[in-house]
Amino acid sequence: MNLSMKWLADYVDVGNITPHEFSEAMTMSGSKVEGWEREGAEIKNVVVGRVDEIVRHPDSDHMFICQVDVGAGAPVQIVTGAQNVRQGDYVPAALHDSWLPGGVHIKKGKLRGVESCGMLCSLSELGLTTHDFPYAVEDGIFILEEPDMKPGQDIQSAIGLDDVCVEFEITSNRPDCLSVTGLAREAAVTFGKPLDLKAPAVKATVDDIKNHLSIEVLAPALCPRYTARMVKNIKISPSPRWMRERLRASGVRPINNIVDITNYVMLEYGQPMHAFDYKYVEGGKIVVRNAKPGETIMTLDGVDRVLSPEMLVIADAKKPSAVAGVMGGEYSGIMDDTNMIVFESACFNGPSVRTTAKKLGMRTEASGRFEKQLDPATTIPAVERACELVELLGAGEVVGGMIDVDNSDHTERRIKLEPDWINSFLGIEVPVEEMHRILTRLECRIDGEFVIPPTFRADLAHKADLAEEVARFYGYDKIPVTAIRGTANGRYTPIQKFGQLLGRTLLAQGLYEVATYSFISPKYYDKIGLPADSDYRKCVVIQNPLGEDTSVMRTTTVPSMLEVLSRNYNNRNKAAALYEIGNVYLPVEGRELPDERACVTIGAYGEGHDFFTLKGVVETLLSAAGVEGAEYAAVSDDPTYHPGRCAEITVNGQKLGMIGEVHPAICQNYQIGARAYIACLDEAVLFENVAPERGYKPLPRFPAATRDLALICDDELPVAALEKAIREAVGKVLEEVSLFDVYRGAQVAEGKKSVAYSLTMRADDRTLTDEEADAAIKRVLKSLANLGVEIRS
């Protein structure tokens, strides 16, 4: 929000202070100033000159030699090539050693042998346009027509280019400060000055609005208030200089008196307005309604836009005339032949305007204000001010009466004032009388122990808000510096500590951590070979994705890891071993939000990495986590993995995850020209199966008994099944079982394999006898016989 200091002076006299002092004081009272600048600050040593004499240059057919009175006693000679300069004209004269916008430096010199002590300036050379001075020509010298000019007068003061503009950063909860009057209120309280805010008034009217117009609001929830007045016998002309100056200082380009009035009121009151050309309001009726399916409108910027039913439009009896709160339609604007207008001053639902503007891709000055939810009570003062300006500028005749469709909530907000709580909250001692004074200056009413804020302060809703107002104007600088009271009790949760343990364990094994996005492309599921009916394809779809590649929340981390492995491989990294602890998002029927589950994903390729090294990483991880009894079962129907080279991992009957070599076709999809391996583990299942306590086990006191077994079994029988049977048969005296040989060859029947185990048995309280050890081996052989396993002879 840009604030003109000249405009501010209409409402509050802040005294003779510098812009820096003003900015600092406003920032300290809570209205943050981003910066300030003086208009025309780049212009130096440019004055008003009067052309007393003009003759042709003797050596040029297009140049003229001017004698210009610049208030220095003797005239200054300036050579110009402009064809529009005449004797007696007042012009901007850039003297020797002057500066113009853009860093242009003017010095005296010679043009075709004739000395020129400066330059006569055009509009553009002063950084201005014909919108700022409609009477000037675009190509040629700026011939001044301002009143009360004197030769030698500084050009900034002569043409009103001497305002100070202060730029404020307005937070979204203070739409009232997106206006000159709102910032004037803040300045009045900040500097302890009276606020001179007069109610607008229309002196004379003709006719009656009800003879020409009717208004129907069919969507009161989206349009709490709609107010309209009319003006007839419009006279389109440029606005007066004082209005153009204020609009320019606020960053708004002057256009014509009617359009400028709507912009002026928007800046002054923070209430966007629109002026409809009445001859295009078919049926003399305005209808505020939702758009119809497939309805279109060409907006003022000349673009055809397709509307949807949740959008609000301002329509006449036949068609939409404007997108409510965003932009008017093609024929809703002011034309050169406009004779009668309807001033619209309305309040629209903020979220609705924001959603509409975003869908249509057209954020405007009006929508930027409406989307912050304006005060419905401002519509009447704003439209009255517009009509008052019409009278002041002689731009037309105000039609009598007003149509005000008011569906807004007039319930007063009452906030209990708790002085003791406020002082405790702020850490200061502010007297109750001072609190009342501050709140009253902010136009709040005090009703006993309650505070009733004005309607334009929607941000005041709780006692903490009142505390903030007291602190702002009591003075943040008066609040003493104190040490933090109490102690923080922040700590990691058990699951967070567990996640850190997993990460440290993987790092210690030489893996590098990676981080990938949780949102992916649905095409990733095709790349990892998921069937069309796979449950993993049922994912959460993002409503406003950055693009198709980030349009769904992932249900598996495998594609993300393969993308990273692919990137490393194609950047010529010969080998990689990576891990990620990231979330997957599994939709739950009947619930709006998905089940977020953390997964530990390990990926590797290259020299030194195969299925067994990856299995070793997983087993080390399980051991460090305190998870015992993990079992591996071969899987051949998972399309992502190589058949027969992957396994499902379970713990205590729960599925922990998958481990295996990536299918060659999937590697080809990701352009990985080496064998790749991936393991995915469910962190929650890991955490649930952590051993409750790790006990100390002393060194053994008694010797161990060892036995070796050479067995013949089916080639398809996993050795893990053999090991499980051995452990169950031996019982708790089994200390270790170790596979030390697997043989397939001539001495073993086809379809069979020979496996050899070493068993170490030990009792904690005695030395095992040979009979006990042999009995354990007999139990093992009996158990293995049930699996079709024989002892090798």
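Me: Two strands pair if DSSP finds at least two bridges between them. With that in hand, how many bridges join S6 to strand S10?

Reply: First, this is a predicted model, in which local features need pLDDT of at least 70, side-chain atom pairs count only at pLDDT 80 or more, and totals for chains, interfaces and linings use all residues. Residues are numbered from 1 along each chain as its sequence is written, and side-chain values use heavy atoms, with hydrogens and water left out. Strands are DSSP runs of E (at least two residues) and helices are DSSP runs of H or I (at least four), numbered from the N terminus. S6 spans residues 90–100, S10 spans residues 118–120 and runs antiparallel to S6, and the number of bridges joining them is three.

Me: Which residue in S10 is the bridge partner of Ala94?

Reply: The strands S6 and S10 run antiparallel. Within that pairing, Ala94 is matched in S10 with Met119.

Me: And which residue takes a positive phi in the hairpin of S6 and S7?

Reply: S7 covers residues 104–106 and pairs with S6 over three bridges, in the antiparallel sense. Ser98 stands opposite Ile106 there. Three residues lie between the two strands, and the one with a positive phi, near 90°, is Gly102.

Me: S3 joins S6 as well, so to speak; which residue in S6 does Arg50 stand opposite?

Reply: Strand S3 is residues 44–56. Six bridges join S3 to S6, and the two run antiparallel. Opposite Arg50, in S6, stands Tyr90.

Me: Asn45 sits in that same S3. What is its phi near?

Reply: In general, most residues other than glycine have a negative phi. Asn45 is partly exposed at 36% relative accessible area, a label for anything between buried (under 20%) and exposed (over 50%), using a 1.4 Å probe and protein chains only. Its phi is positive even though the residue is not a glycine, and lies near 65°.

Me: What about Asn233: where is its place?

Reply: Asn233 also has a positive phi, about 55°, without being a glycine. Its relative accessible area is 33%, so Asn233 is partly exposed. As for its place, Asn233 is in the loop between strand S14 (225–232) and helix H5 (241–249).

Me: On to S11: how many of its five residues are buried?

Reply: S11 runs over residues 164–168. Strand S1 (residues 2–4) is joined to S11 by three antiparallel bridges, and strand S2 (residues 33–38) pairs with S11 over five, also antiparallel. S11 is mostly covered, and its count of buried residues is four.

Me: Which residue in S11 is the bridge partner of Trp36?

Reply: On the S1 side, Ser4 stands opposite Cys165 of S11. For Trp36, the bridge partner in S11 is Val166.

Me: Is Glu268 buried or exposed?

Reply: Glu268 is placed in helix H6 (residues 257–269). Leaving aside residues up to four places away in sequence, Glu268 touches Trp7, Tyr11, Ser179, Val180, Thr181 and Arg385, where contact means heavy atoms within 4.5 Å. Its relative accessible area is 1%, so Glu268 is buried.

Me: Which strands stand at the edges, each with a single partner strand?

Reply: The open sheet has five strands in the order S13-S16-S19-S20-S21, with mixed pairing. One side of each edge strand is left without a neighbour in the sheet, because each has a single partner: these are S13 (214–217) and S21 (327–328).

Me: In S20, which residue does Ile314 stand opposite?

Reply: Strand S19 (residues 312–315) and strand S20 (residues 320–323) run antiparallel and are joined by three bridges. Ile314 stands opposite an S20 residue, namely Ala322.

Me: Zooming out, what is the radius of gyration of the chain?

Reply: The chain's secondary structure comes to 20 helices and 40 strands. The globule rule gives 28 Å for 793 residues, and the chain is well over that, so it is more spread out than a compact globule. The radius is taken over C-alpha atoms, and the rule is 2.2 Å times the number of residues to the power 0.38. The value for this chain is 42 Å.

Me: What percentage of the contacts in the chain with a separation of 6 or more comes from residues 24 or more positions apart?

Reply: The C-alpha trace spans about 130 × 80 × 65 Å along its principal axes, and buried residues make up 48% of the 793 in the chain. For the contacts, the share from residues 24 or more positions apart is 70%.
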